[in-house]
Amino acid sequence: MAVTREAPFQLPEQPVEVEIVAKYFRGLGDATRLRILEGLTEGERSVGELVELIGAPQPKISSHLACLRWCGFVESRREFRTVYYRIADRRVLRMLELARSLLEDNAQHVAACRRIDAEA
């Protein structure tokens with residue numbers, strides 16, 4: 001039996017701007033990815049440090065980091081065998097701050113919303 005693997009990244013033939021923006025926000029729509037970004041707000045961390053901080057397995061953290069890196073939320077550097085990640089652009093931090101600020105007035109409604117969960 002032949003096993004085929006889809007490429008994790010594929011550009012659509014005719015990307016539509018609103019669909020790309022929606023996809024960009026879905027990149028932030030995962031609790032693990034948000035925890036990673038929160039963990040990087042104080043500065044650069046290694047994958048191992050993020051694993052310890054978040055309490056998720058290393059392959060899961062690495063997979064989410066690949067997504068965050070591909071979408072431009074984080075960037076990395078290698079030092080010998082260790083890879084370090086940091087927020088790629090200060091605007092990502094501002095976007096997280098703005099989201100928290102907007103949520104202050106609406107947190108209960110967002111927590112109770114069942115439609116968003118159903119779309120995932």
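**View 1. Helix H4, from end to end.** In this predicted model, helix H4 takes in residues 58-70. Its 13 residues reach 18 Å from the first C-alpha to the last, close to the 18 Å expected at 1.5 Å a residue. Just after H4 comes Gly-72, with a positive phi of about 90°.

**View 2. The two sides of H4.** Look for Ile-61, His-64, Leu-65 and Leu-68: these are the buried residues of H4. They cover an arc of only 105° around the axis, so they sit on the same side of the helix. The spacing fits a general rule: an α-helix has 3.6 residues a turn, so residues three or four places apart point the same way. Over on the other side of H4, Pro-59 and Trp-70 are exposed.

**View 3. What covers H4.** The buried residues of H4 have cover from several elements, including H1, helix H2 (31-39) and helix H3 (47-54). Strand S2 (74-79) and strand S3 (82-87) are also among them.

**View 4. A nonpolar patch on the surface.** Here Val-21, Tyr-24 and Phe-25 come together as a patch, with about 260 Å² of accessible area between them. Phe-25 belongs to helix H1 (residues 17-27). It counts as partly exposed because its relative accessibility is 46%.

**View 5. Stepping back to the chain.** There are 7 helices and 3 strands here, and from the N terminus on they run α-α-β-α-α-β-β-α-α-α. Of the 120 residues, 22% count as buried. The chain exposes about 9,800 Å², and carbon and sulfur atoms supply 52% of that.

Definitions and conventions:
Residues are numbered from 1 along each chain as its sequence is written. This is a predicted model: local features need pLDDT of at least 70, side-chain atom pairs count only at pLDDT 80 or more; totals for chains, interfaces and linings use all residues. Side-chain values use heavy atoms; hydrogens and water are left out. Patches are made of residues with over 30% relative accessible area and no salt bridge: like charges are joined within 9 Å, nonpolar side chains (Val, Leu, Ile, Met, Phe, Trp, Tyr) within 5 Å. Accessible areas come from the Shrake-Rupley method with a 1.4 Å probe; for residues, only the protein chains shown count as cover. A salt bridge is a side-chain nitrogen of Lys or Arg within 4 Å of a carboxyl oxygen of Asp or Glu. Helices (H or I, at least four residues) and strands (E, at least two) are DSSP runs, numbered from the N terminus. Buried means under 20% relative accessible area, exposed over 50%, partly exposed in between (1.4 Å probe, protein chains only). The expected span of a helix is 1.5 Å times one less than its number of residues. The arc is that of the directions from the helix axis to the C-beta atoms. Contact means heavy atoms within 4.5 Å.
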